[in-house]
Amino acid sequence: GFSALQVKIRFSMQKRQERDLAIDTLRKAELLLLSGRLSPADVQKAADNAQAAQEDFDNARRIAALGGVLLRIPDPTARDAERILGQRQQLQQPHESPTPRNN
């Protein structure tokens with residue numbers, strides 16, 4: 001019981017570190033894109049890796065589902081990760097053209 005929980009926590013911490021590293025890599029890739037040193041495809045690859053790392057971490061931090069309640073290991077850096085990945089997803093969504101107004 002307790003030993004398995006400790007292993008699960010360590011594994012989750014490792015996945016969180018991997019996620020944070022992938023997000024840092026994405027941020028650096030976006031800066032290099034702005035400076036003309038990387039292509040948009042390279043940045044997309046970094047974004048895909050960051051999203052995959054986020055999903056891996058989300059799966060790793062699940063402990064159990066009891067009575068319809070999901071127990072998970074806390075994520076102290078969740079806000080930063082969600083903000084960065086959320087901004088990236090907003091930029092990727094197609095924007096609707098504003099309809100011209102006739103005054």
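The following dialogue introduces a predicted model and the reasons behind some of the terms applied to it.

Biologist: What is the overall make-up of the protein, in helices and strands?

Modeller: The protein contains 3 helices and 2 strands, and along the sequence they follow the pattern α-α-β-β-α.

Biologist: Why is Ser12 called buried or exposed, whichever applies?

Modeller: A residue is buried when its relative accessible area is under 20%. Ser12 has 2% relative accessibility, and therefore counts as buried. Ser12 lies in helix H1 and, leaving aside its neighbours within four places in sequence, is in contact with Phe57, Ala60, Arg61 and Ile73.

Biologist: What share of the protein is buried?

Modeller: Buried residues account for 23% of the 103 residues. The accessible surface of the protein is about 7900 Å², and 53% of that surface belongs to carbon and sulfur atoms.

Biologist: Why is Gln44 called partly exposed?

Modeller: Partly exposed covers the range between the buried limit, under 20%, and the exposed limit, over 50%. The relative accessible area of Gln44 is 30%, so Gln44 is partly exposed.

Biologist: Where is Gln44 found, and which residues does Gln44 touch beyond four places away in sequence?

Modeller: Gln44 belongs to helix H2, residues 40–60, and touches Arg88 and Gln92 when residues up to four places away are not counted. The C-alpha atoms of Gln44 and Leu26 are separated by 8.6 Å, with these positions 18 residues apart along the chain.

Biologist: What makes E1 and E2 a pair of strands?

Modeller: Two strands pair if at least two bridges are found between them. E1 and E2 have 4 bridges, in the antiparallel sense, and therefore satisfy that condition. Leu66 stands opposite Val69 in E2. The two strands form a hairpin with 2 residues between them, and Gly67 in the turn has a positive phi of about 55 degrees.

Biologist: Which residues form the nonpolar patch on the surface, and which elements each supply at least two of its residues?

Modeller: The patch consists of Phe2, Leu5, Ile63, Leu66, Val69 and Leu71, which together have about 550 Å² of accessible area. Helix H1 (2–34), strand E1 (62–66) and strand E2 (69–72) each supply at least two of the patch residues.

Biologist: Why does Leu5 count as partly exposed?

Modeller: Leu5, found in helix H1, has 30% relative accessibility, and so counts as partly exposed.

Biologist: How many of the contacts between residues at least 6 apart in sequence, as a percentage, join residues at least 24 apart?

Modeller: Among those contacts, 67% join residues at least 24 apart.

Key. Residues numbered from 1 in each chain as written. Predicted model: local features only at pLDDT ≥ 70, side-chain atom pairs only at ≥ 80, totals over all residues. Heavy atoms only, no water. Patch = residues over 30% accessible without salt bridge, like charges linked within 9 Å, V, L, I, M, F, W, Y side chains within 5 Å. Areas by Shrake-Rupley, 256 points an atom, 1.4 Å probe, with all protein chains shown as cover. Salt bridge = Lys/Arg side-chain N within 4 Å of Asp/Glu carboxyl O. Buried < 20%, exposed > 50% of the residue type's maximum accessible area, 1.4 Å probe, protein only. Contact = heavy atoms within 4.5 Å.
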